[in-house]
Amino acid sequence: MSELSVNHLLGIKYLNKKDIQLIFETADHFKEVINRPIKKVPSLRDITIANLFFENSTRTKLSFELAEKRLSADVINFSASQSSVKKGETLIDTVNNILSMKVDMVVMRHPNPGSGIFLSKHVKASIINAGDGAHEHPTQALLDSYSIREKLGDVKGKNVVIVGDILHSRVALSNIFALKLQGANVKVCGPKTLMPKHIEKLGIKVETNLRDALNWCDVANMLRVQNERMEISYFPSTREYTQQFGVTKNLLDSLDKDIIIMHPGPINRGVEITSDVADSDQAIILDQVENGVAIRMAVIYLLASKIKQ
Ligand code: CP
């Protein structure tokens, strides 16, 4: 039987092409399951999962919880703001206390880059990174590529541009790794101040003209400007950012072809995309969210199979 090459999902960087194929094939099965009248399977009745969120989330948190429940796992939820972290407890102490309640797997979102990697070296549980600072957001990149595959048949050979605040984005880095692994052509587009130095070394191109980037691509993945990670101003004003890097319906309609618009959410309507673009037939934003449940079921199921061995 095929299995993942890893015991944790810490980042796309640690996966290979076969891992991604296996996750997608497993997600195809679970997507069929969640569209049945009875959306549940008994696969993980013997597994307990803790969802640890040290940072806000809507989609990822609910999607993981639903994926776990659809697989019949026992689920506990932890929110840092209501926990003893506020009394000074360390991350390792917090997690070891949770694990002593016979927890098998930890899904963690944390503001510090590398926190999942750190945890995986100090505790005995399978760790899934649900976003670590500006580092990686692997399940988001998997559901993004899965959504491209669903819409265009394959990711290989497709032209994908990631637009916006690349510097502060874990979604951008995980997407670049995932898309390159699958043979897509990748560009990033945004203000030079929001572009990491030497990003071309990842095998991608930088484009500063949005119209040129959109005319080149099959898919545009639009990112939010992450003001919460900025201590200084990176561009003169939101209005000027929108004029240069925002996608409007007029711009979309003036292109040579119909491209696909993606967004990981949350959207700042009227900044990176206007409402008529977000709600247009070209946008697959809610399909991405739907696919997130099947992808997370696949990741949890495949990692749990390794715990059971
Ligand atoms: N895409 C994403 O990570 O959204 P949330 O922050 O709402 O989980």
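**Notebook: loops, a helix crossing and some single residues**

I started with Ile38, which I found in the loop between helix H1 (17-34) and strand S1 (48-53). The model I am looking at is a predicted one. Ile38 has a relative accessible area of 67%, and I noted it as exposed because the cut-off for that class is over 50%. I then took a distance from Ile38 to Arg70: the two are 32 residues apart along the chain, and their C-alpha atoms are separated by 9.5 Å.

**Overall form**

I counted elements next. The protein has 11 helices and nine strands. Its radius of gyration is 19 Å, close to the 19 Å given by the globule rule for 309 residues, so I entered the protein as being as compact as a globular protein of that length. Along the principal axes, the C-alpha atoms fill a box of roughly 55 × 45 × 35 Å.

I looked up burial for the whole chain and got 54% of the 309 residues counted as buried. The accessible surface comes to about 14,100 Å², and carbon and sulfur atoms hold 49% of that. For contacts with a separation of 6 or more, I noted that 75% are between residues 24 or more positions apart.

**H5 against H11**

How do helices H5 and H11 cross? The axes of H5 (residues 138-152) and H11 (residues 285-308) come within 8 Å, and the crossing angle is roughly 115°. I recorded the crossing as right-handed. On the H5 side the contact is made by Thr139, Gln140, Leu142, Leu143, Asp144, Tyr146, Ser147 and Glu150. On the H11 side I listed Asp287, Gln288, Asn291, Gly292, Ile295, Arg296 and Val299. By class, the residues of this contact are five nonpolar, six polar and four charged.

**Phe64**

I went to Phe64, which lies in helix H2 (residues 59-70). Its relative accessibility is 0%, so Phe64 counts as buried. What does Phe64 touch, not counting residues up to four places away in sequence? I found Asn51, Val107, Ile128, Ala130, Thr139, Arg296 and Ile300. Two of these names were already on my page: Thr139 is listed for H5 and Arg296 for H11 in the contact of those helices, and Phe64 touches both Thr139 and Arg296. I also checked Phe64 against Phe118; they are 54 residues apart in sequence and 21 Å apart in space, C-alpha to C-alpha.

**Arg229**

Arg229 sits in the loop between strand S8 (219-222) and helix H8 (238-245). Buried, exposed or partly exposed? The relative accessible area of Arg229 is 22%, and I put it down as partly exposed, because buried would need a value under 20%. Leaving aside neighbours within four places in sequence, I have Arg229 in contact with Glu55, Gly133, Ala134, His168 and Arg170. For a long separation along the chain I took Lys31, which is 198 residues from Arg229; the C-alpha atoms are separated by 34 Å.

**The loop between S6 and S7**

I looked up two residues here. His198 lies in the loop between strand S6 (185-189) and strand S7 (205-207), and Ile204 lies in the loop between S6 and S7 as well. His198 is exposed, with a relative accessible area of 54%, whereas Ile204 is buried at 4%. His198 has a positive phi of about 65°, although it is not a glycine.

Which residues is Ile204 in contact with, leaving aside neighbours within four places in sequence? My list reads Ile176, Lys180, Val186, Val188 and Ile199. I also paired Ile204 with Arg109, 95 residues apart along the chain, and found their C-alpha atoms separated by 27 Å.

**Backbone entries**

I checked Lys102 in the loop between helix H3 (91-99) and strand S3 (105-110). Phi of Lys102 is near 65°, a positive value in a residue other than glycine. The relative accessibility of Lys102 is 66%, and I entered the residue as exposed.

My last entry is a peptide bond. Gly265 and Pro266 are joined by a cis peptide bond, with omega about -5°. Pro266 is in the loop between strand S9 (260-262) and helix H10 (275-278).

Key: Residues numbered from 1 in each chain as written. Predicted model: local features only at pLDDT ≥ 70, side-chain atom pairs only at ≥ 80, totals over all residues. Heavy atoms only, no water. Axes fitted to C-alpha atoms, helices over the stretch in contact; angles between N-to-C directions. Helix = DSSP H or I, 4+ residues; strand = E, 2+ residues; numbered from the N terminus. Left-handed = near helix turned anticlockwise from the far one by under 90°. Contact = heavy atoms within 4.5 Å. Nonpolar A, V, L, I, M, F, W, Y, C, P; charged D, E, K, R; others polar. Rg over C-alpha atoms; globule rule 2.2 N^0.38 Å. Buried < 20%, exposed > 50% of the residue type's maximum accessible area, 1.4 Å probe, protein only. Areas by Shrake-Rupley, 256 points an atom, 1.4 Å probe, with all protein chains shown as cover.
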